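Trainee: Could you take one part of this fold and walk me through it closely? I'd like to hear about the barrel and whatever packs or pairs around it.

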Amino acid sequence: MKKIMTALTMAIALGASSVVLAKADQTLLKEAAKNSVTVAQAKTLQDEVGVSLTGSIVRHVAGDDFEFKDATGSIILDIDDDLWQPMQLKAGDRIKVMGEVDTHRSKPTDIEVIKIERLK
């Protein structure tokens with residue numbers, strides 16, 4: 001019983017610490033506004049760094065994932081449906097996004113989008 005309680009306490013502490021460490025959207029947007037990068041640069045940054053990128057949608061991969069490109073390469077954008085659906089986002093659209101770098105152990109780095117703007 002003591003081991004179970006210790007394990008449970010550790011799990012709760014770890015879960016709470018990740019919530020505290022995550023940056024608020026407003027903080028990320030301020031950081032992103034100051035940190036305009038290319039796709040190539042974004043791929044080298046640490047997890048949870050706020051960035052802004054400008055380029056074009058290549059294709060809708062699936063769900064909330066879109067392939068995005070600029071002159072330096074391509075990357076996946078994770079755009080929640082409440083952002084992309086009202087815009088009817090599609091291949092060829094030129095956009096500016098603000099969000100955070102999201103690194104992973106088992107898949108390539110992507111960008112979790114917080115704000116999106118269609119460009120002309």
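Mentor: Let's go round the strands, then into the core, and finish with the charged pairs and two odd backbone spots.

Keep in mind that this is a predicted model. Five strands close into a barrel in the order S1-S2-S3-S5-S4, and the pairing is mixed. From one strand to the next, the twist averages 55°.

Start with S2 and S3, which run antiparallel and are joined by 6 bridges. They make a hairpin with 2 residues between them. Look at Asp70 there: its bridge partner in S3 is Gly73.

Now step from S3 across to S5. This pairing is parallel and runs over 3 bridges. Two of the partnerships are easy to find: Leu77 goes with Ile111 of S5, and Asp78 goes with Glu112 of S5. Hold on to Glu112, since Glu100 also has Glu112 in S5 as a bridge partner.

That brings us to S4. On one side S4 pairs with S5, antiparallel, over 8 bridges. On the other side S4 pairs with S1, again in the antiparallel sense, over 7 bridges. In that second pairing, Gly55 stands opposite Ile95 of S4. S4 is also largely enclosed by the rest of the structure, because 7 of its 9 residues are buried.

So what sits inside? In general, nonpolar side chains of soluble globular proteins tend to be buried together. Here the largest nonpolar core has 21 residues, and those with the most contacts inside it are Leu53, Leu77, Ile79, Leu89, Ile95, Ile111 and Ile116. Seven elements supply at least two residues each: the strands S1 (50-62), S2 (65-70), S3 (73-78), S4 (94-102) and S5 (110-118), plus the helices H3 (39-42) and H4 (81-87). Apart from that core lies another one of 5 residues, among them Leu29, Ala32, Met98 and Ile114.

If you want a single residue to centre your view on, pick Ile95. Setting aside neighbours within four places in sequence, Ile95 is in contact with Leu53, Thr54, Gly55, Ile57, Phe68, Leu77, Leu89, Ile116, Glu117, Arg118 and Leu119. You've met several of these names already: Gly55 is the residue opposite Ile95, while Leu53, Leu77, Leu89 and Ile116 are on the list of core residues with the most contacts.

Arg118 takes us to the charges. As a general point, side chains of opposite charge can pair when their charged atoms come close. This structure holds 4 salt bridges. In one of them, Asp93 meets Arg118, with the closest N and O atoms 2.8 Å apart. That pair links distant parts of the chain, given that Asp93 is in the loop between H4 and S4 and Arg118 is in strand S5, 25 residues apart. Asp93 also forms a salt bridge with Lys90, at 3.3 Å from N to O. Through the shared partner, Lys90, Asp93 and Arg118 become one network. Are the two ends of the Asp93 and Arg118 bridge buried or exposed? Asp93 counts as buried, at 9% relative accessibility, whereas Arg118 is partly exposed at 37%.

Another salt bridge joins the side chains of Arg59 and Glu67, at 2.8 Å from N to O. Arg59 is partly exposed, with a relative accessible area of 41%. Glu67 counts as buried at 17%, which is under the 20% cut-off.

Last, the backbone. Most residues other than glycine have a negative phi, so exceptions are worth a look. Gln88 has a phi near 50°, a positive value in a residue that isn't glycine. Gln88 is in the loop between H4 and S4, and the loop between H4 and S4 is also where Asp93 is found. With 62% relative accessibility, Gln88 counts as exposed. The other spot is Glu48, again not a glycine, with a positive phi of about 70°. Glu48 is in the loop between H3 and S1, and it is partly exposed, with a relative accessible area of 26%.

How values were computed: Residues numbered from 1 in each chain as written. Predicted model: local features only at pLDDT ≥ 70, side-chain atom pairs only at ≥ 80, totals over all residues. Heavy atoms only, no water. Core = buried A, V, L, I, M, F, W, Y, C linked by side-chain atoms within 4.5 Å. Buried < 20%, exposed > 50% of the residue type's maximum accessible area, 1.4 Å probe, protein only. Helix = DSSP H or I, 4+ residues; strand = E, 2+ residues; numbered from the N terminus. Contact = heavy atoms within 4.5 Å. Pairing = 2+ DSSP bridges. Axes fitted to C-alpha atoms, helices over the stretch in contact; angles between N-to-C directions.
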